[in-house]
Amino acid sequence: MAMRPPVPVPTLSRRAKLVIGAIAVLLVLFTVIGTLTNVYVDYLWFAETKFTRIFWTELQTRVLLFAVAGVATGGLVAAAIHLAYRHRPTFRPMSLEQQNLERYRQSVEPRKGLVLTAIAVVLGLFAGFTAQGSWQTWLSFRNSTDFGRTDPQFGLDLSFFVFDYPFYRLALGFGFAIVVLALIGSLVTHYVFGGLRLQTPGQKLTPAARVHLSVLLGLFVALKAVAYWLDRYGLVYSNRGEVFTGASYTDVNALLVPKTILVFVAAVCAIAFFANIVVRNFLLPAAALVLLLLSSLVIGVAYPAIVQQFVVKPSANEKEEPYIKRAITSTRDAYGLTTKTDVAYINYAQDTTGDEVDTGAALADLRNDTQTIPNARLLDPNVLSDTFTARQQIRNVYGFPEKLDIDRYTINGKTRDYVVAARELNSDGLSENQDTWINRHTVYTHGNGFVAAPANEVVTTAGQEGGEPNFTSRDLPVKGNLDIEQSRIYYGELIKDYSVVGAPSGATAREFDRPEGGSSDQGQINNTYTGKGGVSVGSFFRQLTFAIYYRERNFLLSNSVNDASKVLYVRDPRERVEKAAPFLQVDGDPYPAVVDGRVTWILDGYTTSDSYPYSLQMQLGEAAADALTGTGTTALPDQTFNYIRNSVKATVDAYDGTVTLYQWDTQDPVLKTFMKAFPGVVKPKGDISEQLESHVRYPEDLFKVQRDVLTRYHVDDPVDFYNGSDRWQIPDDPTQDTTEDQPPYYILAQRPGDDAASFQLTSALNAFQRDNLSAFITASSDPETYGEIQVLRLPGSTPFRGPKQVQQSFNTDDQVAGDLTLFRNASAQPVFGNLLTLPIGKNGLLYVEPLYVEGRASNSFPLLRKVLVAYGTRVGYANTLSEALDQVFGAGAGQSATDGGQGSTDGGTSSPTTAPSTTPAPKPTSPPPAGGSAPPGLDAAVADINSAIADLAAAQKSGNFEAQGKALADLQKAVDAYRAAEKAAGPTG
């Protein structure tokens, strides 16, 4: 048969080759320079922070995995393709199929080495990049630490499932990938070069091709046998039980043995393929493969499905009982909720009848309470950012985060919780004329100051509007009752840019430090950074490096970059800890504290795993979301996990950026594993100073995860768990127009059974799909009782009002509704603060909520105006907490509130109080008496109210705080006059 003439292969001209070559070289050069620059800048950061062990261990591990996976994948696949090419037939029948393939052969033959190398390199790079991302899996496997507990099904230490099993699965996955790619490459090669003839009459496979493909298929089926063996252990992650995680009745009784059988069937099938090397007949391996497929379908799929449908489902609560017990025990252990050591359940309010109020008993509890009511928090850190900004920003370059923090301090022997914030450099707050490279990166380099206000009081200053925080740490230079030796903030949550700091000895300071004399309208005092933080850029090479890294020529041209200069970068405390400890997940709420005279950021680090047997699988980011963070906007990644520990407390010095990691959970095997991999990186718990320990908090994100787990896993009885008859639910935040979860709140209060108040994180829990309260959960932050979780269980037969129902009772109260109407106008709006739940005595739950009023003008800020209190069906609404308690329980009930005894602030010019007395009243709605005009004085009072409101709106718009105070005072007088005139007129109509 005549052959078609070969199709000529197109060639490139010499000039085109040179151009393409030059472009390729430039691309490679730029890529290499950029990559090396990034790595070098990273190394400089790790060297500055003394975490080079992290850098080198991670780099070496990544390179090792990249090399092993890349060489194994690229090399073995290339070897398989080479063998297929090497054993190509020397004679090929010239069928139409082979004629069509001839042009491909002629294209490949002259470049076979290049093609093979390209395939090996591309596959190797792809495999290497994939494998190096699993460096933590390898380090965990290599340094695994026993848990000291075994799983109930296989009797293996839990470390096998957490550390070993994920690595075996990773290695098996790469094994399958290599064999499949080798098989595909070999099939294509055999087909192109005549070893496999699909359309040619006669023999379809050459002997060499048959042997080659039989070996590859045998390897694939052998790996499948290994996969079946590992699948047995994978049953501990099964979701077949629907309402729980882990091996179910069907998994243990109808799938475990079939998986073992399939191991042997797959092994026989693999042997049959290997035997085909000698037997040279595909009938035997084909029959074995059919047997494997049928077996996997019958005993691996159909049989378990039948058992599940006809044996388990009709009586699932009984069949699954022992396996639900496993899931409950393992889930509690995985999330740190073991009943014996971590969680105490207390039956609370057993002597009450729900919303019915025993005022006598409640009044006795209130009068005996010397811990909870005096510390009732009325300042909401989630509301007051604008207030802190208006009163303590000082310059536009400073700022406070949208969400302030809560911490506690012991001053003069008295412990109180405070709303705190560092006065940071706000990179986004620079004006247009300030936003030059010199200003942004060399002048405005840091914040300055620490602001704190007691969380249970506000101040009313003569001639000024009330309802403001009582700033006990304030201004510049910092004044107040906290001993702060170094107040400069070079590292903070708002600082996004790098800064170039430092200057030669004797040079003029150029960094803006603070206004001269502490006033915002005078000159300024400059400063030169002398801390140990930052990377030196004194040499030309370093300057060139950072010029390339930031794509900024000023590193080479500006006089601001000199021999003494340093670059500060990675300045967000959370980012610094994540970089220094990549094996941790870091809590989304760093908070500043004054520790040993320095402003220090405190952070919580979590160790997590997604391989804990029988434990509930969750999404980390989703579990940490609430009404404040919103769905999908949490700092934590939305990754699957089923084990978590608060294993590390981390600190970042706000001045020099020093990162310190402390072991907090000394029993966590996951942390111990990484401490083996990175020796010396995490300091022992004993190195934590007493002052630092006094400021540690139970972390919010962990608490949110645990309360979510407790909504189901507080149930001990497996049947009740399956039925869901005692399930709880996190309530929606009633103060927000959202269906997101109510956030937990830090409070300083006395827990039932305790002798004194403790700093704790709290949350209410409702009945499932109901608004009634079912439980109240707290986690202690005190060093002596840290981590102890207390769950107050309310009687299930008696309805207690939950947060949403309490908020509705507030909103529908006549006086509250009237004030809300007045507050909600063109110039102002009401803002509800956090709705706190406070256990009082042995039987009572008191709800306390602050009500703020905020102007709508750009410079307005919220001020505390009213306090709302609820106990059972009773609602109190007054200017102070003391008055609101008196309304609910009777005269004298509020004596223990903070405002029961007025005291002076640090400045001695104002008095703290739970809420100001100045507040508007509802708009007059009563018609004038029939047959005549309004009562004497009523028209004048209405005119005065309207005039005061207009004056207030104008003052808020202009930002004139003194005028605002005067307008509010006038408004109060007019309201009092109106009420007096209305009362004198008597009922109308």
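This report walks through two pockets and a nonpolar surface patch in a predicted model.

## The largest pocket

Start with the largest pocket, which holds about 1200 Å³ of space. Its lining runs to 48 residues, and Pro401, Glu402, Lys403, Glu493 and Leu628 sit closest to the centre.

Several elements chip in at least two lining residues each: the helices α13 (385–392), α17 (573–580) and α21 (700–713), plus the strands β2 (398–399) and β31 (828–832). If you're thinking about chemistry, the lining of this pocket splits into 19 charged, 15 nonpolar and 14 polar residues.

## The second largest pocket

Next up is the second largest pocket, with a volume of about 680 Å³. Here 30 residues make the lining, and those nearest the centre are Gly336, Asp342, Arg645, Asp665 and Gln667. Two or more lining residues come from each of β23 (643–653), α19 (669–677) and α21.

The top contributor is β23, which hands over 4 residues. By class, you get 11 charged, 10 polar and 9 nonpolar residues around this second pocket. Helix α21 is worth a look in both places, since it gives at least two residues to the lining of the largest pocket and two or more to that of the second largest.

## A nonpolar patch on the surface

Away from the pockets as a topic, there's a nonpolar surface patch of about 860 Å², built from Leu26, Leu29, Phe30, Ile33, Phe540, Leu544, Ile548, Leu556 and Leu557. Helices α1 (14–49), α15 (540–550) and α16 (554–557) each put in at least two of the patch residues, with α1 giving the largest share at 4.

Take Leu29, a residue of helix α1. Its relative accessible area is 43%, so Leu29 counts as partly exposed.

Notes. Residues numbered from 1 in each chain as written. Predicted model: local features only at pLDDT ≥ 70, side-chain atom pairs only at ≥ 80, totals over all residues. Heavy atoms only, no water. Patch = residues over 30% accessible without salt bridge, like charges linked within 9 Å, V, L, I, M, F, W, Y side chains within 5 Å. Areas by Shrake-Rupley, 256 points an atom, 1.4 Å probe, with all protein chains shown as cover. Salt bridge = Lys/Arg side-chain N within 4 Å of Asp/Glu carboxyl O. Buried < 20%, exposed > 50% of the residue type's maximum accessible area, 1.4 Å probe, protein only. 1 Å grid on protein atoms, 1.4 Å probe; cavity = no way out; pocket = protein on both sides within 12 Å on 5 of 7 lines; lining within 4 Å. Points joined across faces, edges and corners; volume = space filled by probe spheres on them. Nonpolar A, V, L, I, M, F, W, Y, C, P; charged D, E, K, R; others polar.
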